[in-house]
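Here is a quick walk through one chain, taking the pieces in an order that lets them connect. Have the structure open as you read.

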Amino acid sequence: MKDFNFYAPTEVVFGEQAEEQVAALVRKYGGTKVLVHYGGQSAVRSGLLDKICGLLDEGGIAYVKLGGVVPNPRLSLAKKGIELCRQEGVDFLLAVGGGSVIDSAKCIAYGVCLDGDVWDVYLGKVKPVRMLPVASVLTIPAAGSEMSEASVITNEDGDVKLGYSNNMSRPKFSIMNPRRTFTLPPYQTAAGVTDMMMHTMERYFTKDDDMDFTTDIAEAMLRNIKTAVFAVLKNPEDYRYRAQIMWGGSVMHNGLTGCGVADDWATHQLEHELSAMFDATHGAGLAAMWPSWARYVMHENLRRFVRFAVNVMDVPNDFTDPEGTALKGIEAMERFYHAIGMPINIKELIGRDITDEEIKEMTRKCSRDYTATCGQLKVLKAEDMEAIYQMARG
């Protein structure tokens, strides 16, 4: 069992009228002039952006707006936001959208307070000591960035996608109204659920078997979300299950399921190169990578994969064949991914065969030019990364 600190300071305001409190919350956390940061046109078409801005007007909170965030948020837009915040005297970031918008807001918040290039933060060359406060009005449950310390940014120069984690980036508050997720397309819903489940699975698959309380919580979350996603794919306006998914996405990445265990994150790091190279949906990329990673590393803690198969995927435990039980659990996960419309290999993800040259390029980037490893359950060197990409090609 690992010693741990659990830190989850974000104030969550959850419910059908949650956004009505936005101006009071901004004021509570010291905001006087806000950058309202958002993505494409969905926030505009839904009327949410106008409502948030209207509530800020009513509350006497000044603001400027910056839209245009795309999935796999771009460094160039974040740099534009940094300059806008400096020009306008912004002292608070309000992200209206999903994880990409929140991550972009975090990047801007770092950059405004930094002398130098904010990309150096993600390269690990600079550790920021302060940032502007960030908050969110969540519309897409998936990334968990609304409560987490993490952000991920893509630098278009070289298609490099990197993450950075720092507790000071945890949002001051996050507003969550499940009704705002009713119009999410089925694919986006499924990809979001895949992402949030993986946030817990990256912590679940560990060599640490002695923190049963954390493990039991993780398994309950995974079972709950599996049930919920089928319910909302059948009825997109099922408030009860949309609420399970929205709250689940936050709790699955606020650190709770990592208490007392070692995180892995290899699947995420392998996938980052997929979404950087092919601009693929992150959750779908995780589904394409996880089965191959699981088969490659399962013997590092076979008991853990057996437990997952039995307690999460409802596979009967064949006590005479633990490897067979573990493999059936992975196969059951693949069936689950297909049932919700997710891919289980790279060919299904990108719609064509991936080339050996593309695999070598992803391996090079994932290993930081063959200098870095990833993962904890099994520490992956460059040759391991390449082997998993080859297994996942489809």
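## Two loop residues with positive phi

Keep in mind that this is a predicted model. Let's begin out in the loops, with Asp-369, which is partly exposed at a relative accessible area of 45%. Asp-369 sits in the loop between α15 (356–366) and α16 (382–391). Its backbone is worth a look: phi is positive, about 60 degrees, even though Asp-369 is not a glycine.

Asp-159 is another non-glycine with a positive phi, here about 50 degrees. You'll find Asp-159 in the loop that links β6 (150–155) and β7 (160–165). With 35% relative accessibility, Asp-159 counts as partly exposed.

## Strand β5, covered on both sides

Now for the inside. How many of the residues of β5 are buried? Five of its five, so the strand is mostly covered. Val-134, Ser-136 and Leu-138 are buried on one side, while Ala-135 and Val-137 are buried on the other.

β5 has pairing partners too. β4 and β5 run parallel and are joined by five bridges, with Gly-97 standing opposite Leu-138. Strand β8 (residues 173–176) also runs parallel to β5, through three bridges, and there Ser-136 stands opposite Ser-174.

## Two buried serines

Ser-136, in strand β5, deserves a closer look: its relative accessible area is 0%, so it is buried. Setting aside neighbours within four places in sequence, Ser-136 is in contact with Leu-94, Ala-95, Ile-102, Glu-146, Phe-173, Ser-174 and Ile-175.

Ser-250 belongs to helix α9 (residues 239–251), and Ser-250 is buried as well, with 0% relative accessibility. Beyond its neighbours within four places in sequence, Ser-250 is in contact with Glu-146, Met-147 and Met-176. Glu-146, then, turns up in the contacts of Ser-136 and in those of Ser-250.

## Helix α3 and its two faces

Helix α3 (residues 48–58) has a buried set made up of Leu-48, Leu-49, Ile-52, Cys-53, Leu-55 and Leu-56. Why do these line one face of the helix? Looking down the axis of α3, the buried residues fall within an arc of 160 degrees, so they line one face. Turned away from that buried side is the face carrying the exposed residues Asp-50 and Glu-58.

The cover over the buried residues of α3 includes helices α1 (22–28) and α2 (42–45), along with strands β2 (33–38), β3 (62–66), β4 (92–97) and β5 (134–138). Just after α3 comes Gly-60, with a positive phi of about 75 degrees.

## The nonpolar cores

In soluble globular proteins, nonpolar side chains tend to be buried together. Here the largest nonpolar core has 64 residues, and the members that touch the most others are Met-201, Trp-290, Trp-293, Phe-305, Phe-308 and Tyr-337. Helix α11 (residues 282–297) supplies the largest share of this core, nine residues.

Who surrounds Tyr-337? Leaving out neighbours within four places in sequence, Tyr-337 is in contact with Thr-194, Met-198, Met-201, Ala-287, Trp-290, Pro-291, Met-342, Pro-343 and Ile-344. There is also a second, separate core of 36 residues, including Tyr-110, Val-121, Leu-162 and Met-176. Met-176 ties back to the serines, as one of the contacts of Ser-250.

Definitions and conventions:
Residues numbered from 1 in each chain as written. Predicted model: local features only at pLDDT ≥ 70, side-chain atom pairs only at ≥ 80, totals over all residues. Heavy atoms only, no water. Buried < 20%, exposed > 50% of the residue type's maximum accessible area, 1.4 Å probe, protein only. Helix = DSSP H or I, 4+ residues; strand = E, 2+ residues; numbered from the N terminus. Arc of directions from axis to C-beta. Contact = heavy atoms within 4.5 Å. Core = buried A, V, L, I, M, F, W, Y, C linked by side-chain atoms within 4.5 Å. Pairing = 2+ DSSP bridges.
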